[in-house]
Amino acid sequence: MRASIGGKQSVSPSGKSGSALLAVDKAARREQTGPLLPSDALYRASFEQAAVGILHTSLDGRILECNECFARIVGYTPEELVGSSFQAITPPGDRGIGNNAQKRLLSGEMQTVSFEKRYMRKDGALTWVMLTISIQHDEERRPFCFLTMVQDINDRKQAEEQLAAAQEALRLSEERYRTAFQMSLDCISLARLRDGMFVDCNEAFLELGGLTRQEVIGRTSTELQIWADPEDRRRMVERLMRQGVCRNLEAQFRRKNGEMIWGLMSASLIELEGAPHILAITRDLSEARTAADEIRQLALYDPLTKLANRRLLLERLRQTVETTQRSGRWNALLFVDLDNFKTLNDTLGHHVGDLLLRQAGQRLVGCIRAADTAARVGSDEFVVILEELSGNAEEAASQAKVVAEKILASLSEPYALAGRGCLSTASMGITVFGPGTENTMEILQQADIAMYRAKQDGRAMIRFFAPELQSVVNARAELEDEVRQGIRKREFVLWYQPQVEDGQVIGAEALLRWNHPQRGLLAPAAFIGLAEETGLIVPLGLQVLEAACGQIAAWAKKPATAQLTLAVNVSARQFRQADFVEQVLEALGRTEADPRKLKLEITESMLVDNLEETIEIMTRLKKRGVQFSLDDFGTGYSSLAYLKRLPLDQLKIDRAFVRDMLADAASSAIAQAIVSLSRAMHLSLLAEGVETEEQRASLDDLGCHAYQGYLFSPPVPVERFLSLLQAAR
Ligand code: C2E
Ligand code: CA
Ligand code: CA
């Protein structure tokens, strides 16, 4: 490109850029002297003082002249600028801008062109300008330079940019909001406060409600019947009006298919187009609810039969007692016990037993009204509360009897259990209670006592708790008190029954006796059941352990008794104490008794509960030398599988087999089997309840050579036991 200024020619070093370029061009400029344009003073002044930038550039882009204003815009002095290319102050990326416009000017297609562009100031900052370029011709009408008006539009541009950025941010945030709204797992809805009409909602809302957008928008929650209880919506709106927000309202909602779901709703009042709207966020609580329901189910219901458990029964009974004071209506409590459940469970197995219990539970429920309660309170024990019977006690009793008979009949129908038919009956005790009764425990006890009466009277019977039976209830409470006192006053003593092998006394079983201050000497049958039920067996058992260990230690001092072992009965409740092992070891330690002389008698029934724990307790004690004997063997579950795992030393043949073995082939066969079993498992064997020489001889023949029973001696006080020993010798 040629540039002709005042006849002189110069070549643009185009391609170079930045201040290096400016420096080179400055040198070139200094050679040029004097104004190159008409030196008209007025023109000059307006050029210099114009509020817009003015510059002349050669056709190849070199700045021929510029005014102060332009120089200010780009941050240079005019001297620094003249001679350099305008491209030198154009950011490299923008250098193509305006090329087209120049071409059009040069071709004469246009007289002036305007466009916006950026310059790079001396300080490196970019600044926006608006250029208006026209072309200047020489006398021969040949284009010879560009005249450019430069307007500083940086402030405007910046404001525009900021606005655009703000708008973009808004658009993005709206987009984000929409995404959040739509993608939220919580249900979000927007409804007019005035009439509850939905104006918007998200996918989760539609999904949970089983609704389509068309069905929701423009309709109200009332029309859609979303609230299971419209009262809940009223409550939410009321809270909204009062506080502007409503947090964590737990409510039930109806899906389109009618299904109910629990939701946790939080709502706030927002203003939209001048009108208040309800923005509601609801979380589906069904799962959490289900879990909570499950926990409740476990805490209050029997998992096997799904009937109420003992805890729930007591709660319901408490409520019934409360209501009866106000209503004056009588109620009945029925205690139901299956008659032969234990035998069935033992012979056919737990699985079949469970099936029976489940069916029995269903039959019970089938016999009572929905408002009545049926509960399972023991393995084969059920309790039914019949509420709001007659206002007259006798009438209520006969009403209860009708239901009771229906239940009994239903329970004695044949059962189909795992493909086999079974028969079962139940015994039932009933007590009626009404205004004036306050003690729930007493009600339960009365029915329990009546049930025992039914059993005694031959099973499959119904017995009412009659007032004369009340004395039994009173006596029990009294007895409990006496046992407690007896433990404190150390009225319990141990008697000793010898255990004999090959004509030699090898040891004894310690059997508990109670020196009752009024009633004289009492055998365990009179108190052990009560002690077990009330938990008093724990302190009592501890006294037994202490006394037994003391005896072992005393015997150890004399050669005649030093070899004797002492068998001690342990109750299930005692055995399950968290510190049972410590209790035994402490008793041994305190008395300095030889652990190897202590033999703990446990029963099968207490083993099945938690076999692993049982094994652990036994193992810890066995490590110290304590022995274990399995009492009453043959009457319980007798599962070889667990028997093999127990670290036992001895089996005790139950006295029922000994008693019946001479008359009954089955008992004899069982005794025979126990002998073989003990041999196979390398356990010692002892028969209890041996009363006659025939029994002893027969056991001897079978291979059992250790005995305990009246044939040798009943349980006796310790002094008598010692004289027995001497006599035997
Ligand atoms: P058990 O452990 O089976 O004790 C044997 C029972 O049979 C004793 O009854 C004993 O007197 C009785 N007996 C002994 N020889 C014969 C006999 O030849 N024929 C008959 N028919 N019976 C005989 P006792 O002393 O009345 O004890 C009854 C139950 O009380 C014991 O049965 C045991 O389960 C429990 N018991 C006794 N002392 C304690 C104790 O200190 N702690 C615990 N937890 N229970 C005990
Ligand atoms: Ca025993
Ligand atoms: Ca026994």
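1. The centres of domain 1 and domain 4, taken over C-alpha atoms, are separated by 120 Å. This distance belongs to a predicted model and should be read as such.

2. The domain assignment divides the chain into four parts. Domain 1 spans 18–152 and domain 2 spans 184–284; domain 3 follows at 291–465, and domain 4 covers 477–728.

3. Ligand 1 is surrounded by 21 residues, and the closest of these are Q497, R513, R655, E691 and Y710. By class, the shell around ligand 1 comprises nine nonpolar, seven charged and five polar residues.

4. Which secondary-structure elements each supply at least two residues of the shell around ligand 1? They are the strands β21 (504–516) and β25 (627–633), together with the helix α19 (537–556). Of the shell residues, β21 provides the largest share, namely four.

5. Two side chains make polar contacts with nitrogen atoms of the ligand. In E691, a side-chain N or O atom lies 2.6 Å from a nitrogen atom of ligand 1. For Q497, the distance from a polar side-chain atom to a nitrogen atom of ligand 1 is 2.8 Å.

6. Y710 contributes through its backbone: one of its polar backbone atoms is 2.9 Å from an oxygen atom of ligand 1. On its own, ligand 1 has 790 Å² of accessible area, and the protein covers 82% of that area.

How values were computed
Residues are numbered from 1 along each chain as its sequence is written. Chains are lettered from A and ligands numbered from 1 in the order in which they are written. This is a predicted model: local features need pLDDT of at least 70, side-chain atom pairs count only at pLDDT 80 or more; totals for chains, interfaces and linings use all residues. Side-chain values use heavy atoms; hydrogens and water are left out. Domain bounds come from an automatic or database domain assignment. A residue is near a molecule or strand if one of its heavy atoms lies within 4 Å of it. A polar contact is a pair of N or O atoms within 3.5 Å; within protein, one must be able to donate a hydrogen and the other to accept it, and residues adjacent in sequence count only if both atoms are side-chain atoms. Accessible areas come from the Shrake-Rupley method with a 1.4 Å probe; for residues, only the protein chains shown count as cover. Ala, Val, Leu, Ile, Met, Phe, Trp, Tyr, Cys and Pro count as nonpolar, Asp, Glu, Lys and Arg as charged, and the others, Gly among them, as polar.
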